[in-house]
Amino acid sequence: MGATTGTISVTTPGGSAASPASFTLIPAPTISGILPASGPVGTSVTLTGSAFDGASSVTFNGTPASFSVVSPTQITATVPGGATTGAVAVTTAGGSATSATSFTVIPAPVITGFSPTSGPVGTVVTLTGTGLDGATAVKFHGTSASFSVASATQITATVPAGATTGTVSLTTPGGSATSSASYTVTGALQAKPVLIKLSPVSGKRSATVTITGKNLGKRSGGYVTFGSARCTKYVSWSSTRIKCRVPEKARFGRAKVVVVTAAGSSNAKAFTVKH
């Protein structure tokens, strides 16, 4: 311990002798930092430390990685396939060094299944798999869907308007995954409802209001809201005209009237609920 580059000397009862040439001591490497500290397979990681020159290997929790020695104090390495969360190690002619902290490998997501496997626009589908936490996008055959991450093994997503039959895919910080099976979109695809006018534009609770528009769909599965109150009484419903009664729970004053169908929500029209 404490030796440095220099000559080698030997002492005997007969005297001392020193080597004519110096012995070069190769220092052991040290790892002082890892950046970033987490990422999926394929992430480029910068290691900082000392005595990295001549490095012969870099491993992530024991799995060999490809790397490049930038300088005696810096190495860039790529997180290898099969790597798991753990310490990073560097080996040189001077010895080996292991990081004091772990590099966290973010696993790539996998979709193992979904249920149901078919349904119209608006159907809520449960995706199962692994590595689903942190999902940033879910798509049905390329069409973005609204979704909620329940856990690392489950996501619920709603079949979006415009979706067609095809695979389901998702994206997380660990990468992307695509289902092996297709989700079948059933029924005629619907366009979002559009409101054109209300008649009348004001009235008391229980008053009948005629809503004129297009793509209003069918009564089954659809509904009308006056602000936060949903209509419960309908006189008639067609794809271009709905007659319903102002909800008893509608708040007095100005309210936004919206029609909701399996294809989505319409634009809003103003209605004044009178006392």
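Two residues are in contact here when heavy atoms of theirs lie within 4.5 Å. Keep that in mind for the last stops of this tour, which goes through a predicted model.

**The whole chain**

Start with the full view and colour by secondary structure. You will find 30 strands and zero helices in the protein chain. Now rotate the model along its principal axes: the C-alpha atoms fill a box of roughly 120 × 40 × 25 Å. How does the radius of gyration compare with that of a compact globule of 275 residues? The chain has 34 Å, whereas such a globule would be near 19 Å.

Switch on the surface next. About 14400 Å² is accessible, and carbon and sulfur atoms account for 55% of that area. Buried residues make up 35% of the 275 in the chain. Among contacts with a separation of 6 or more, 50% join residues that are 24 or more positions apart.

**Two cis peptide bonds**

Select Leu 35 and Pro 36. The peptide bond between them is cis, and its omega is near -5 degrees. Pro 36 sits in the loop that links strand S3 (30–35) to strand S4 (38–39).

Move on to Ser 115 and Pro 116, which are also joined by a cis peptide bond, with omega about -5 degrees. Look for Pro 116 in the loop between strand S12 (110–115) and strand S13 (118–119). These bonds are worth a stop because most peptide bonds are trans.

**Two residues with positive phi**

The next two stops concern backbone angles. Most residues other than glycine have a negative phi.

Pick Asn 61, in the loop between strand S6 (57–60) and strand S7 (63–65). Asn 61 is not a glycine, yet its phi is positive, about 50 degrees. Is Asn 61 buried or exposed? Neither label fits: its relative accessibility is 38%, so Asn 61 counts as partly exposed.

Then pick Ser 206, in the loop between strand S22 (202–204) and S23. Ser 206 has a positive phi of about 80 degrees, again without being a glycine. With 29% relative accessibility, Ser 206 counts as partly exposed.

**An open sheet of four strands**

Stay with S23 and select its sheet. Four strands, in the order S21-S23-S27-S26, make up an open sheet with antiparallel pairing. Which strands stand at the edges? They are S21 (194–199) and S26 (234–237); each has a single partner strand, so one side of each is left without a neighbour in the sheet. On average, neighbouring strands of this sheet are turned by 20 degrees against each other, direction ignored.

Zoom in on S21 and S23 (residues 208–214), which pair in the antiparallel sense over five bridges. To see one of the partnerships, select Lys 197 and its bridge partner in S23, Thr 212.

**The largest nonpolar core**

Finish with side chains shown. The largest nonpolar core holds 20 residues, and those with the most contacts inside it are Ile 211, Val 224, Phe 226, Ile 242, Cys 244, Val 259 and Phe 271. At least two residues of this core come from each of S21, S23, S24 (223–226), S26, S27 (241–245), S28 (253–261) and S30 (269–274). S28 gives the most, with three residues.

For the last selection, choose Val 224. What is Val 224 in contact with, leaving aside its neighbours within four places in sequence? The residues are Ile 211, Ala 229, Arg 230, Cys 231, Tyr 234, Trp 237, Ile 242, Cys 244, Val 257, Val 258 and Val 259.

Notes
Residues numbered from 1 in each chain as written. Predicted model: local features only at pLDDT ≥ 70, side-chain atom pairs only at ≥ 80, totals over all residues. Heavy atoms only, no water. Rg over C-alpha atoms; globule rule 2.2 N^0.38 Å. Buried < 20%, exposed > 50% of the residue type's maximum accessible area, 1.4 Å probe, protein only. Areas by Shrake-Rupley, 256 points an atom, 1.4 Å probe, with all protein chains shown as cover. Pairing = 2+ DSSP bridges. Axes fitted to C-alpha atoms, helices over the stretch in contact; angles between N-to-C directions. Core = buried A, V, L, I, M, F, W, Y, C linked by side-chain atoms within 4.5 Å.
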